[in-house]
Amino acid sequence: MTHASLIDNWPSLSEFAADIGIKYGTAKAMRRRGAIPANRWAAVVSAAEERGYEQVTFEKLAEIAADRQEDA
């Protein structure tokens, strides 16, 4: 799993952006880079909980970020 695939849990990128309180272009850049900045994790986890996306957790976000650093 990547941060990009995690974002793809949402019905649309527009809904992801609205749910976490960012502009569409910012969400698009996150998905393109495959990275959600740590300062957005709380909003992402909260929005995911509201939508019932149980697989989106702080632990999962951190695991993905760590894997990404190892690959760099």
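Me: Let's start with Trp10: is Trp10 buried or exposed?
Reply: This is a predicted model, so take the numbers as computed from it. Buried means under 20% relative accessible area. Trp10 comes in at 4% relative accessibility, so Trp10 counts as buried.

Me: How many aromatic pairs does the structure hold?
Reply: Trp10 and Phe16 form one, edge-to-face, with 5.0 Å centre to centre and 80° between the planes. Trp10 also pairs edge-to-face with Tyr53, at 5.1 Å and 85°. For the structure, the number of aromatic pairs is two.

Me: Why does the pair of Trp10 and Tyr53 tie together parts that are apart in sequence, and how many residues apart are they?
Reply: Trp10 sits in the loop between α1 and α2 (13-20). Tyr53 belongs to another loop, between α4 (41-51) and α5 (58-71). The ring pair therefore ties together parts whose distance in sequence is 43 residues.

Me: Which residues do ring pairs link into a cluster?
Reply: Phe16 counts as buried, because its relative accessibility is 0%. Tyr53, at 15%, is under the 20% cut-off and so counts as buried too. Ring pairs join these two with Trp10, and the cluster is Trp10, Phe16 and Tyr53.

Me: Which helix supplies the largest share of the largest nonpolar core?
Reply: This core has 20 residues, and those with the most contacts inside it are Leu6, Trp10, Phe16, Ile22, Ile36, Val44 and Leu61. Each of α1, α2, α3 (24-33), α4 and α5 supplies at least two residues. The largest share is five residues, and they come from α4.

Me: Setting aside residues up to four places away in sequence, what does Ile22 touch?
Reply: Ile22 is one of the residues with the most contacts inside the largest nonpolar core. Nonpolar side chains tend to be buried together in soluble globular proteins. Not counting residues up to four places away, Ile22 touches Phe16, Ala17, Ala27, Met30 and Arg40.

Me: And His3: buried or exposed?
Reply: His3 lies in helix α1, which spans residues 3-7. Beyond four places away in sequence, His3 touches Gly34, Ala35, Ile36, Trp41, Leu61, Ile64 and Ala65. Its relative accessibility is 2%, so His3 counts as buried.

Definitions and conventions
Residues numbered from 1 in each chain as written. Predicted model: local features only at pLDDT ≥ 70, side-chain atom pairs only at ≥ 80, totals over all residues. Heavy atoms only, no water. Helix = DSSP H or I, 4+ residues; strand = E, 2+ residues; numbered from the N terminus. Buried < 20%, exposed > 50% of the residue type's maximum accessible area, 1.4 Å probe, protein only. Contact = heavy atoms within 4.5 Å. Phe/Tyr/Trp six-rings, centres within 6.5 Å; stacked < 30°, edge-to-face > 60°. Core = buried A, V, L, I, M, F, W, Y, C linked by side-chain atoms within 4.5 Å.
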